[in-house]
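Trainee: Please take one part of this structure and go through it closely. I am new to it, so explain each term when it comes up.

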Amino acid sequence: MLEIAKEAAKLAGDFLQERFLEQLVPDAELHNDVKLPEDKESERRIIEVLHRHFPTHTIFSEEVGLVEREAEYLWIVDPLDGTNNYFIGFPYFSISIALQVQNELVLGVVYNPVAGQMFWAEKGKGAYLNGKRISVNQRTDRTRAVGTYIRGRHSITKEEELAFTKPFVMETKRLLRNVAPALDWCLLANGWLDYVVMQRSSIMDVAAGIVIAREAGATITDWQGVPYRHKAFLVEELASLVATNGQLHDTIRGYIQE
């Protein structure tokens with residue numbers, strides 16, 4: 001299953017790479033989002049591969065929604081994570097594919113075609129970048145820590161966002177807003193980032209990244225410190241999580257103002 005997920009991600013990624021830096025014509029431009037035909041084509045290619053190899057599996061993808069078949073196996077697909085970045089020529093986007101089996105996340109693939117980065121993980125088998133095993137770093141100094149902030153669309157106001165993120169900006173080295181959350185989790189997994197704070201964001205965007213970060217040794221909890229445990233995927237579920245290298249977990253979680 002892992003190799004098929006990688007094949008689907010590579011096929012979609014190659015297409016997106018071909019179209020990257022073109023003058024893209026959106027289907028629609030919204031207040032804080034954009035709809036691109038490239039997103040739909042990437043999705044079509046992924047679904048075609050998955051259905052060819054696993055015709056009885058259910059698929060949930062961002063554009064077409066739920067293609068319901070055998071409920072035990074559910075593929076969770078984001079065919080273009082970071083659509084706004086892609087649209088403006090910012091090379092930070094990915095294809096994200098996760099597999100849920102009997103309500104448990106067991107596999108994740110995240111592919112950044114611009115950088116040629118293929119991240120993947122299977123439950124209990126570690127996390128990898130282009131075939132090399134990866135792990136979180138062991139940084140303990142918060143003043144050298146770099147993190148990223150992820151929030152769902154329409155979940156809070158901009159004023160609330162500014163107030164929430166201020167402690168992270170002031171107390172750590174840098175807080176990024178990359179707006180491509182699947183890759184953020186992979187950067188944590190590879191030790192490039194020290195923490196991720198997620199506020200009311202869809203699990204669809206980060207399911208694969210969570211598998212990869214978890215297998216790389218990341219500590220993942222809710223804001224109260226309860227270890228994250230994946231439940232049956234629900235489209236409408238918005239999760240608030242904090243993930244770190246483990247060494248900084250209590251410190252970073254202490255900055256969260258609910």
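**The open sheet and its surroundings**

Mentor: Strand 3 (residues 57-61) is paired with strand 4 through three bridges, in the antiparallel sense. Strands here are DSSP runs of E with at least two residues, helices are runs of H or I with at least four, and both are numbered from the N terminus; two strands pair if DSSP finds at least two bridges between them. One of the bridges sets Ile 59 opposite Val 67 of strand 4.

The model is predicted, so local features need pLDDT of at least 70 and side-chain atom pairs pLDDT 80 or more, while totals for chains, interfaces and linings use all residues. Residues are numbered from 1 along each chain as its sequence is written, and side-chain values use heavy atoms, with hydrogens and water left out.

Strands 3 and 4 belong to an open sheet of eight strands with mixed pairing, in the order 4-3-5-6-7-8-9-10. Strand 4 (65-67) and strand 10 (132-134) are the edges: each has a single partner strand, so one side of each has no neighbour in the sheet. From one strand to the next the twist averages 20°; axes are lines fitted to C-alpha atoms, for helices over the stretch in contact, and angles between N-to-C directions run from 0 to 180 degrees.

Two helices pack on this sheet. Helix 1 (residues 2-19) touches strand 5 (70-81), strand 6 (94-101), strand 7 (104-112) and strand 8 (117-122), and its direction makes about 30° with that of strand 7. Contact means heavy atoms within 4.5 Å. Helix 2 (residues 37-53) touches strands 3, 4, 5 and 6, at about 150° to the direction of strand 5.

A side-chain detail can be added here. The charged end of Lys 6 sits over the ring of Trp 120, 3.5 Å from the ring centre (NZ of Lys or CZ of Arg within 6 Å of the centre and within 35 degrees of the ring normal).

Asp 205 lies elsewhere in the chain, in helix 6 (residues 203-215). Leaving aside residues up to four places away in sequence, Asp 205 touches Asp 78, Asp 81, Ser 96, Pro 181 and Ala 182. With a relative accessible area of 14%, Asp 205 is buried (buried is under 20%, exposed over 50%, partly exposed in between, with a 1.4 Å probe and protein chains only).

Other strands pair as well. Strand 11 (residues 146-151) runs parallel to strand 13, joined by five bridges, and Ile 150 has Met 198 of strand 13 as bridge partner. Strand 13 also pairs with strand 15 (residues 238-244), in the antiparallel sense over six bridges; there Ser 201 is opposite Ala 239 of strand 15. Seven of the eight residues of strand 13 (residues 195-202) are buried, so the rest of the structure largely encloses this strand.

For the wider setting, the protein has seven helices and 15 strands. Its radius of gyration is 17 Å, close to the 18 Å from the globule rule for 258 residues, so the protein is as compact as a globular protein of that length (taken over C-alpha atoms; the rule is 2.2 Å times the number of residues to the power 0.38). Of the 258 residues, 55% count as buried. Among contacts with a separation of 6 or more, 64% join residues 24 or more positions apart.
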